[in-house]
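Reader: Could you take me through one part of this model up close? Keep it casual, but tell me what your terms mean as you go.

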Amino acid sequence: MLDRIRIVLIGTSHPGNIGGTARAMHNMGLADLALVAPRCEPLTSDTISRASGADHIVHSARRVETLEQAVADCTLVVGASARSRTLPWPMITPRTLGSRLPDELSGVESRVALVFGREDSGLSNTELQRCHAHVHIPTNPDFSSLNLAAAVQVLAYECRLASLAQHEEEGGAEAEPQQPLASHEELEHYFAHLERTLITIGFHDPALPRQLMARLRRFTLKARPERMELNILRGILTTTEKQVARPQGEQRQDADDSNTPAP
């Protein structure tokens, strides 16, 4: 299970925090690290020192430019957040996250990404809206700032507890096989298709968005659609686009035909 959990760091500015993150991951049995547009050189003497023997994780880390690239194959994306947002998103605790992992990773193609933002500003609203849920570490409200590696350590610990609990239950009945969930990349293609269709039918005006797409994104991500379900939705959108593109006369004829009783 732990092999399919990815730690994603966005815009990290200090190499020591990357090394500290690698150490926290290795302590808890995680090994998949992705660095999104780091603002420092990831591999330095400070990185090696803070990694304390876990620098192999930094050496093998994938370096990309966007969050979408880092989580494209993931079926659950959870962003670490300490700030409230104008559009509330599903918020969970680290313990709740851990309890969900066995089910989330029951499918052979399932992948989970835990996303951490910049040391000085965290994750942007846009980045948080790319996540299925947000996880908040309930720190002392009078001193809530956590070092990046410490935050990773907390979530990695919960992941390890979940993995150990799963091993203890291996003697139980096998769960029903899960249908593969839609990946982040598939969901992003769907959201682009949905927005295009809504503009085509006149339901959505990009000049006056009124958070429509953000609310539809939140609704869809909470539903956790399977790949087949998402394909059905995209099929509906494609048929809608084709229908709108047909001449008005043909559309009226179809409507008349549908109202004609069968002989």
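Author: Ile236 counts as partly exposed because its relative accessibility is 48%; the cut-offs are under 20% relative accessible area for buried, over 50% for exposed and partly exposed in between, with a 1.4 Å probe and protein chains only. Ile236 sits in helix H10, residues 227–245, and joins Met228, Ile232 and Leu233 in a nonpolar surface patch with about 390 Å² of accessible area together. A patch takes residues with over 30% relative accessible area and no salt bridge, joining like charges within 9 Å and nonpolar side chains (Val, Leu, Ile, Met, Phe, Trp, Tyr) within 5 Å. A salt bridge here is a side-chain nitrogen of Lys or Arg within 4 Å of a carboxyl oxygen of Asp or Glu, and areas are Shrake-Rupley values with a 1.4 Å probe, with only the protein chains shown counting as cover for residues.

Some ground rules: this is a predicted model, where local features need pLDDT of at least 70 and side-chain atom pairs count only at pLDDT 80 or more, while totals for chains, interfaces and linings use all residues. Numbering runs from 1 along each chain as its sequence is written, and side-chain values use heavy atoms, with hydrogens and water left out.

Now for the covered part, strand E6. Residues 112–116 make up E6, and 5 of its 5 residues are buried. (Strands are DSSP runs of E with at least two residues, helices are runs of H or I with at least four, and both are numbered from the N terminus.) Side chains in a regular strand alternate between the two sheet faces. In E6, one side carries Val112, Leu114 and Phe116, the other has Ala113 and Val115, and all of them are buried.

What flanks E6? Strand E1 (residues 5–10) runs parallel to E6, with 5 bridges joining them, and Ile7 stands opposite Leu114. Strand E4 (residues 76–80) is also parallel to E6, over 4 bridges, with Leu76 facing Val112. Pairing takes at least two DSSP bridges between the strands.

Zooming out, the 7 strands form an open, parallel sheet in the order E3-E2-E1-E6-E4-E7-E5. E3 (62–64) and E5 (91–92) are the edges, each with a single partner strand, so one side of each has no neighbour in the sheet. E5 pairs with E7 (residues 133–135) in the parallel sense over 2 bridges, and Ile92 has Val135 as its bridge partner. Helix H7 (residues 148–168) packs on the sheet and touches E1, E6 and E7, pointing at about 155 degrees to E6; such angles run from 0 to 180 degrees between N-to-C directions of lines fitted to C-alpha atoms, for helices over the stretch in contact.

Just ahead of E6, Ser110 lies in the loop between H5 and E6, and it counts as buried because its relative accessibility is 6%. Setting aside neighbours within four places in sequence, Ser110 is in contact (heavy atoms within 4.5 Å) with Arg4, Thr75, Glu104 and Leu105. Glu104 belongs to helix H5, residues 94–104, and is buried too, because its relative accessibility is 10%. Beyond residues up to four places away, Glu104 touches Leu76, Ser110, Val112, Leu181 and Arg224.
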